[in-house]
Amino acid sequence: MTKNYKKKYFEWLRSAEEAAKNRDYKTAARLMRYISVYFGLINDPSKRREFAAKAGEFYFQAARKIENK
């Protein structure tokens, strides 16, 4: 199971970084949340927290983007 998701982890990370670069914070946050769940499943709590925090930051930026419209 881990091998299949390890490939996905890199795809999600690359896609999240690209989405953030394009100011699509909602998508970036969703992908960071997926990564956080992945690390939770493989029992790596420090990485899980790191990516959960990044997801939270992107959700906050998405909210600010909507608020500024």
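**Exercise 1. Work out whether Ser 36 counts as buried or exposed, and what surrounds this residue.**

Solution. Start with the relative accessibility of Ser 36: the value is 8%, so this residue counts as buried. The cut-offs are these: buried is under 20% relative accessible area, exposed is over 50%, and partly exposed lies in between (1.4 Å probe, protein chains only). Keep in mind that this is a predicted model, where local features need pLDDT of at least 70, side-chain atom pairs count only at pLDDT 80 or more, and totals for chains, interfaces and linings use all residues. Residues are numbered from 1 along each chain as its sequence is written, and side-chain values use heavy atoms, with hydrogens and water left out.

Next, find Ser 36 on the chain: it sits in helix H2. Helices (H or I, at least four residues) and strands (E, at least two) are DSSP runs, numbered from the N terminus. Now skip the neighbours within four places in sequence, and Ser 36 touches Arg 48, Phe 51 and Ala 52. Contact here means heavy atoms within 4.5 Å.

**Exercise 2. Describe how H2 and H3 pack.**

Solution. What do we need for this? Two packed helices are described by the angle between their axes and the distance between the axes. For H2 (residues 25-41) and H3 (residues 45-67), the angle is about 165 degrees and the axes are 8 Å apart. That makes H2 roughly antiparallel to H3. (Under 35 degrees counts as roughly parallel, over 145 as roughly antiparallel, 65 to 115 as roughly perpendicular, and the rest as oblique.)

Then look at who meets whom. On the H2 side you'll find, among them, Ala 29, Met 32, Ser 36 and Phe 39, while the H3 side includes Phe 51, Lys 54, Ala 55 and Phe 58. Sorted by class, this contact has twelve nonpolar, three polar and seven charged residues.

**Exercise 3. Place Lys 54 and say how accessible this residue is.**

Solution. First, Lys 54 belongs to helix H3. Second, its relative accessibility is 30%, so Lys 54 counts as partly exposed. Third, check a distance: the C-alpha atoms of Lys 54 and Gly 40 are 15 Å apart, with their positions 14 residues apart along the chain.

**Exercise 4. Sum up the whole chain: how many helices and strands are there?**

Solution. Count three helices and zero strands, in the pattern α-α-α along the sequence. The C-alpha atoms fill a box of roughly 40 × 20 × 10 Å, taken along the principal axes. Finally, 28% of the 69 residues are buried.

How values were computed:
Axes fitted to C-alpha atoms, helices over the stretch in contact; angles between N-to-C directions. Nonpolar A, V, L, I, M, F, W, Y, C, P; charged D, E, K, R; others polar.
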